[in-house]
Amino acid sequence: MGVAPIIDRCHALLEDLDLACVSEWKAAGEGRRAVGFLPVYIPRELIHAAGALPVGILGAGEELEIVRGDACFQSYICHLPRSVVELGLRGKLDALDGVLFPSTCDVIRNLSGIWKMMFPDKEAIYFDVPQNLDPKVGGVFYRDMLAEIVTRLQRLVGRDVSEDDLRGSIAAYNTSRRLVRELYDLRAAEPWRVPTSETYLLLRAGMRLPVEEHNEMLTHYLAEVRDEDRALRDNARIVVTGTFCEQPSLSLVRTLEHAGCYVVDDDLMLVTRWYGPDIPTEGDPLEAIAGAWIDADDETPCRYVADGKRKGQQLVDSVQRCGAEGVIFAAPSFCDPALLDRPMLQAVLDEEGIAYTSFKYSENTAQLQPIREQAGTFADTIKLWSDA
Ligand code: SF4
């Protein structure tokens, strides 16, 4: 059968801006609820344990003209909040009964306030993720925050959430994270077999589908793709970083591939890939989720890097682990977290002698030729003049 039908389905889900798939899921059972979330980090286990469908709100990509969303924001911030408001005003998020806003940055914080004013009939939960990573401080704070989110979700769905519900959800997302890691490991080992455009589509599908269905999809893809006959090209192996929140269009991802880049690691769709080991399914489940955040090794601009660690070390580790030959910094225009971190990361790459280039994008960037030329030149430079 091959991977084509799986990827076609993912494509259809990506283009489903009206969330018809979410409406269908809700219609298939009495009293079903769907809860959206903004990037970057969300404890999706809580929504799942409440019997609701977690739905990623990642903007409108290249498909939607922003008309009214622009009126809510100044011109010098990223594109994501404009398209989220536009989607809401056009009724394209009507299938959602509530939205979670994490403390990713000031833009998402402000978006939560605007959302509450514009859509007062929808549950809106803003929550702070701790940056103090002391378990006795940030851990306790975050467990309390998670308990408060559960209380509000219980009100929304009209039923209690038990500890066993939470443990079952942790197990389902542990499976999801394992499969995503397997997908990333396979792509790093054989990037010609697992194109990044397909990886991206698969992860985007996880923002729409129930986790169990998405786990089946990933399992199926991983089984099928190993039999695909795909040509090995003389591409440069690249790590892409900066794409953790506002997502690039699929066209931009394909542009990097067409420019001669094998993306062997990235921070796209980060919500699917937090934590290293599994979250424990024994003991207090909220403490386990809070502890996983505190203990996580993940380094992004939205998470404090503990004292004593070199900021940028994770990027260097990623380059070395994946056998990458260079790094592309791709940040959304006006994304403070990504752009403020970049000089520190570049300094570390300079110290390590790792090549890099950088560009900015918006989710609806239409002029891809300059990016293709820049990425293509970078890839050619690596292939022609690196020591590798
Ligand atoms: S793209 Fe950057 S600035 Fe915009 S909402 Fe995301 S993290 Fe914040």
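The following legends describe several close-up views of a predicted model.

**View 1. The shell of residues around the ligand.** In this predicted model, 13 residues surround the ligand, and the closest are Cys-78, Cys-105, Cys-245, Glu-246 and Cys-335. By residue type, the shell around the ligand divides into 10 nonpolar residues, one polar residue and two charged residues. Two helices, α5 (106-118) and α13 (336-352), each supply at least two residues of this shell, and the largest share, three residues, comes from α13.

**View 2. Strand β5 and its covered faces.** Strand β5 spans residues 236-241 and is mostly covered, since six of its six residues are buried. Ala-236, Ile-238 and Val-240 point one way from β5, while Arg-237, Val-239 and Thr-241 point the other way, and all of these residues are buried. The residues on both sides of the strand therefore meet the cut-off for burial, which is 20 or more other C-beta atoms within 10 Å of a residue's own.

**View 3. The parallel partners of β5.** Strand β5 is joined to strand β6 (residues 261-266) by five bridges, and the two strands run parallel. Within this pairing, Ala-236 has Cys-261 of β6 as its bridge partner. Between the two strands the chain passes from β5 through helix α10 (residues 250-258) to β6, in a β-α-β crossover that is right-handed. Strand β5 also pairs with strand β7 (residues 326-332), again in the parallel sense, over four bridges, and here Val-239 stands opposite Val-327 in β7.

**View 4. Asn-235 in the loop that leads to β5.** Asn-235 is found in the loop between α9 (211-225) and β5, and with 20 C-beta neighbours inside 10 Å this residue counts as buried. When residues up to four places away in sequence are not counted, Asn-235 touches Gly-260, Cys-261, Tyr-262 and Ala-379; one of these, Cys-261, is also the bridge partner of Ala-236 in β6. Asn-235 and Leu-186 are 49 residues apart in sequence, and their C-alpha atoms are 17 Å apart in space.

**View 5. Strands β1 and β2 and the connection between them.** Four bridges join β1 to β2, and these strands run parallel; among the paired residues, Val-35 has Pro-54 of β2 as its bridge partner. The chain crosses from β1 through α3 to β2, and this β-α-β crossover is right-handed. In strand β2 (residues 53-56), Leu-53 and Val-55 point one way, whereas Pro-54 and Gly-56 point the other way, and all four are buried.

**View 6. Backbone geometry at three loop sites.** Most residues other than glycine have a negative phi, and most peptide bonds are trans. A cis peptide bond nevertheless joins Pro-39 and Val-40, with an omega of about 20°, and Val-40 lies in the loop between β1 (34-37) and α3 (44-49). Leu-19, although it is not a glycine, has a positive phi of about 55°; its place is in the loop between α1 (4-14) and α2 (20-27), where Leu-19 is buried, with 23 other C-beta atoms within 10 Å. Met-269 is likewise not a glycine and has a positive phi of about 50°. Met-269 lies in the loop between β6 and α11 (285-295), and it counts as buried because it has 22 C-beta neighbours inside 10 Å.

Technical notes:
Residues are numbered from 1 along each chain as its sequence is written. This is a predicted model: local features need pLDDT of at least 70, side-chain atom pairs count only at pLDDT 80 or more; totals for chains, interfaces and linings use all residues. A residue is near a molecule or strand if its C-beta atom, placed from the backbone, lies within 6 Å of it. Ala, Val, Leu, Ile, Met, Phe, Trp, Tyr, Cys and Pro count as nonpolar, Asp, Glu, Lys and Arg as charged, and the others, Gly among them, as polar. A residue is buried if 20 or more other C-beta atoms lie within 10 Å of its own, exposed if 12 or fewer, and partly exposed in between; C-beta atoms are placed from the backbone. Two strands pair if DSSP finds at least two bridges between them. A crossover is right-handed if, with the strands pointing away from the viewer, the path from the first strand over the helix to the second runs clockwise. Two residues are in contact if their C-beta atoms, placed from the backbone, lie within 7 Å.
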